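Student: I have a structure open and would like to talk it through with you. Could we go from the overall fold down to single residues?

Tutor: Gladly, let's take a look together.

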Amino acid sequence: MSKEDILKANGTYNRSHGKVTAEKFLTGGFYDPMDIIQVKYEMLREASESPHRNITELASSYGFSRASFYKIKEAYEKNGVQALVPGKSGPRQAHKLTVEYRFFIDDHPKASSEEIRLRLQKERGLTLSRRTIERYRSRKKSC
């Protein structure tokens, strides 16, 4: 397994590594532009060592915008190195299950997920996957 595969697997692969033009990352060796944590950390370190450096240029050389630099800096100051680890992407909660869907599912406790899916589609013209219904029921039981 290559380092790139490992970074992708653990969520720390820098998809924008081609935008990193900071000199230390161009020479190879220790500095790896594909490692997003290392890129962010080195950007913050360089900013702290060169307080008069133009932040827009600095951030750009590490593949970030000025606004992103300040967000990264603020997160780092609040939470330390852990803040440099990318968060899980995607929705943070169930977003397909509107109140209407949940009431319909709850009103049919004995029906299978597939039966509910078909009835939602036929009676209300609503599309929902069988698996989404199963996950909702599972979460509801565990609460």
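Student: Which pattern does the protein follow when read along the sequence?

Tutor: Keep in mind that this is a predicted model. The protein has 8 helices and 0 strands. Read from start to end, the pattern is therefore α-α-α-α-α-α-α-α.

Student: What radius of gyration does the protein have, set against a compact globule of 143 residues?

Tutor: The C-alpha trace spans about 65 × 35 × 30 Å along its principal axes. A compact globule of 143 residues would come out near 15 Å. The radius of gyration of the protein, by contrast, is 23 Å.

Student: What share of the 143 residues is buried?

Tutor: A residue counts as buried when its relative accessible area is under 20%. By that cut-off, the buried share of the 143 residues is 30%.

Student: And among contacts with a separation of 6 or more, how many come from residues 24 or more positions apart?

Tutor: Here we take the contacts in the protein with a separation of 6 or more. Contact means heavy atoms within 4.5 Å. The part that joins residues 24 or more positions apart is 43%.

Student: Let's turn to helix pairs. Are the axes of α3 and α5 roughly parallel or roughly perpendicular?

Tutor: Helix α3 covers residues 36-49 and helix α5 covers residues 66-79. Their axes come within 11 Å and cross at roughly 90°. Angles of 65 to 115 degrees fall in one class, so α3 and α5 are roughly perpendicular.

Student: Which residues make that contact, and how many of them are nonpolar?

Tutor: From α3 come K40, Y41, M43, L44 and A47. From α5 come F69, I72, K73 and Y76. Sorted by class, the contact has 2 charged residues, no polar ones, and a nonpolar count of 7.

Student: How far does α5 reach from its first C-alpha to its last?

Tutor: Helix α5 has 14 residues. At 1.5 Å a residue, the expected reach is 20 Å. The reach in the model is close to that, at 20 Å.

Student: Which residue just after α5 takes a positive phi?

Tutor: Step just past the end of α5 and look at the backbone there. The phi angle is about 70°, and the residue is G80.

Student: Is L84 buried or exposed?

Tutor: L84 sits in the loop between α5 and α6. Its relative accessibility is 0%, and the cut-off for burial is under 20%. L84 therefore counts as buried.

Student: Which residues is L84 in contact with, leaving aside its neighbours within four places in sequence?

Tutor: One useful pair is L84 and Y41, which are 43 residues apart in sequence and 7.3 Å apart C-alpha to C-alpha. Y41 is also one of the α3 residues in the contact with α5. The full set touching L84 is I37, K40, Y41, L44, I72 and Y76.

Student: Staying with α3, which residues does Q38 touch, not counting those up to four places away in sequence?

Tutor: Q38 is found in helix α3. With 13% relative accessibility, Q38 counts as buried. The residues touching Q38 are F25, F30, Y31 and D32.

Student: At what angle do α6 and α8 pack?

Tutor: Helix α6 is residues 99-106 and helix α8 is residues 130-142, with their axes 11 Å apart. The contact uses R102, I105 and D106 of α6 with I133, Y136, R137 and K140 of α8. By class, those are 3 nonpolar, no polar and 4 charged residues. The pair is roughly perpendicular, because the angle is about 75°.

Student: Which residues does S113 touch, again skipping those up to four places away in sequence?

Tutor: S113 is found in helix α7. At 9% relative accessibility, S113 counts as buried. The residues touching S113 are R130, I133, E134 and R137.

Student: Last one: how far apart in space are L118 and P33?

Tutor: L118 lies in helix α7, residues 113-124. L118 is partly exposed, with a relative accessible area of 42%. L118 and P33 are 85 residues apart in sequence, and their C-alpha to C-alpha distance is 49 Å.

Technical notes
Residues numbered from 1 in each chain as written. Predicted model: local features only at pLDDT ≥ 70, side-chain atom pairs only at ≥ 80, totals over all residues. Heavy atoms only, no water. Axes fitted to C-alpha atoms, helices over the stretch in contact; angles between N-to-C directions. Helix = DSSP H or I, 4+ residues; strand = E, 2+ residues; numbered from the N terminus. Parallel < 35°, antiparallel > 145°, perpendicular 65-115°, else oblique. Nonpolar A, V, L, I, M, F, W, Y, C, P; charged D, E, K, R; others polar. Expected span 1.5 Å × (residues − 1). Rg over C-alpha atoms; globule rule 2.2 N^0.38 Å. Buried < 20%, exposed > 50% of the residue type's maximum accessible area, 1.4 Å probe, protein only.
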